[in-house]
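Open the model in your viewer and keep the sequence panel beside it. This tour goes stop by stop, with a selection at each one.

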Amino acid sequence: MPGIKDATAVVGIGQTPFAKQLPESEKALACRAILAALDDAGIAPAEVDGLASYTMEETDEVEVAKAVGLGDLTFFSKVGYGGGGSCATVAHLAAAIAAGQATVGVAWRSRKRGSGPRPWKNTASQLPTPAQWTRPFGLLRPADEIAMLARRYMHEYGATRDHLFHVALACRNRANQNPAAIMYERPLTREMYMTSRWISEPLCLYDNCLETDGALACVVVSAERARDCPQRPVYVHSAAQGLPAQHHGMVNYWNDDPLTGPAWTAARHLWKHADFTPDDVDVAQIYDAFTPLIPLSLEGYGFCGRGEGAAFTEGGALEMGGRLPINTGGGGLSEAYVHGFNLINEGVKQLRGTSTAQVPGAATCLVTAGEGVPTSALLLRS
């Protein structure tokens with residue numbers, strides 16, 4: 001995408017507190033996060049002319065625009081597939097701004113997943129066509145579907161629960177440094193992990209993301225305008241979406257290799273348009289609704305070879321000072337689960353130099369959206 005590379009930058013980020021239960025509505029949380037991001041960017045709401053969010057976002061553009069006091073909107077989009085759309089919201093704004101369809105874009109996600117109902121409890125919507133191949137056979141929740149992939153991965157490549165623990169521990173350790181994280185000052189030990197209850201074997205409690213109320217937003221403008229904003233610009237260097245041929249959400253039944261998920265498709269496009277490689281990435285924010293998504297994503301985005309993702313996690317590789325520090329705010333496992341938007345904002349913090357777990361000299365960051373579903377990714381640089 002020659003027209004997108006470094007043509008835009010994230011200049012503002014905002015978020016609400018995170019909790020299991022917040023009193024405000026999703027709309028109120030969305031507005032608070034958006035206003036915080038605009039204030040961070042030093043941009044008035046009336047200057048916003050582009051919006052992007054998720055199809056699962058229940059606060060629509062009309063309500064947000066009225067409540068926040070936005071100007072005339074000339075671009076607005078929504079991206080599907082839950083957490084798979086997180087990075088694509090920023091990518092859509094970057095493309096729109098680079099093409100002249102907007103000048104100031106805001107992406108956001110507001111969710112009351114902690115206090116709200118669990119999506120799979122809605123029995124009226126349990127059997128769309130893809131689900132007819134999973135739910136009658138016991139795969140009722142995303143955790144069940146990823147558990148099956150995890151079991152296949154363990155069988156094929158010898159991964160163990162200790163490898164999944166490395167992921168959970170790295171995220172928890174970073175959350176322990178982040179006062180905004182739900183799991184701040186709540187350490188995780190191997191004994192706690194190994195003795196916790198099953199959610200969907202081989203996934204235990206700590207292999208699953210949090211259930212969170214909260215909202216986040218970010219502001220995207222042209223690289224030229226970014227130079228006049230108060231915060232250090234974080235440039236959108238490359239962006240990609242990925243939907244493989246014959247894909248079947250989560251379980252990937254129809255692919256030749258079910259463990260080669262959408263990350264592989266997105267990664268090929270992402271790196272094709274980048275001036276650097278996986279070896280040049282200083283820090284990564286990798287979508288972590290479930291711990292097995294980390295080794296699968298490490299492989300898909302080229303940090304290691306096929307089947308080597310589990311071994312990559314050994315020896316503190318994901319920790320501060322390791323080969324690839326990940327999810328430095330705590331991620332979905334230990335900071336908050338808001339469909340991956342906190343990973344975007346954390347990537348911006350790292351390249352500004354303001355993270356609570358700052359990687360020294362970080363100048364490049366990979367941010368990924370949900371693996372297992374049609375996905376998206378960003379390469380950010382300072």
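Buried means under 20% relative accessible area, exposed means over 50%, and partly exposed lies in between, with a 1.4 Å probe and protein chains only. The model is predicted: local features need pLDDT of at least 70, side-chain atom pairs count only at pLDDT 80 or more, and totals for chains, interfaces and linings use all residues. Residues are numbered from 1 along each chain as its sequence is written, and side-chain values use heavy atoms, with hydrogens and water left out.

**Stop 1: backbone oddities**

Most residues other than glycine have a negative phi, and most peptide bonds are trans. Select Asn-252. Its phi is positive, about 55 degrees, although it is not a glycine. Asn-252 is buried, at 2% relative accessible area. It sits in the loop between strand S8 (234–242) and helix H8 (262–272). Helices (H or I, at least four residues) and strands (E, at least two) are DSSP runs, numbered from the N terminus.

Now select Glu-185. Its phi is also positive, about 60 degrees. Is Glu-185 buried or exposed? Glu-185 is exposed, with a relative accessible area of 57%. Its loop runs between helix H5 (161–175) and helix H6 (190–195).

Next, select Glu-201 and Pro-202. A cis peptide bond joins them, with omega about 15 degrees. Pro-202 lies in the loop between strand S5 (198–200) and strand S6 (203–204).

**Stop 2: cavities**

On a 1 Å grid over the protein atoms alone, a cavity is a set of points where a 1.4 Å probe fits but cannot get out; a pocket is an open set with protein on both sides within 12 Å along at least five of seven lines; lining residues have an atom within 4 Å of a point. Points are joined across faces, edges and corners, and a volume is the space filled by probe spheres set on them.

The structure holds two cavities of 30 Å³ or more. The largest encloses about 60 Å³. Return to Asn-252, then add His-247, Met-250 and Glu-371: these are among the lining residues of the largest cavity.

The second largest cavity has a volume of about 50 Å³. Select Tyr-153, His-163 and Pro-292, which are among its lining residues. Helix H4 (142–157) gives the most to this lining, three residues. The lining divides into eight nonpolar, two polar and no charged residues. Here Ala, Val, Leu, Ile, Met, Phe, Trp, Tyr, Cys and Pro count as nonpolar, Asp, Glu, Lys and Arg as charged, and the others, Gly among them, as polar.

**Stop 3: a pocket**

Go to the second largest pocket, about 250 Å³ in volume. Of its 11 lining residues, Glu-26, Glu-58, Arg-111, Lys-112 and Pro-117 lie nearest its centre. Strand S4 (residues 104–112) supplies the largest share of the lining, four residues. By class, the lining has three nonpolar, two polar and six charged residues.

**Stop 4: the core**

A nonpolar core is a set of buried Ala, Val, Leu, Ile, Met, Phe, Trp, Tyr and Cys residues joined through side-chain atoms within 4.5 Å. The largest has 63 residues, of which Cys-218, Val-367, Leu-378 and Leu-380 touch the most other members. Apart from it lies another core of 30 residues, including Val-64 and Tyr-235.

**Stop 5: cysteines**

How many disulfides does a search of the whole structure find? Zero. A disulfide is a pair of cysteine sulfur atoms within 2.5 Å. Select Cys-209: its sulfur is 11 Å from the closest cysteine sulfur, in Cys-171, so it is too far for a bond.
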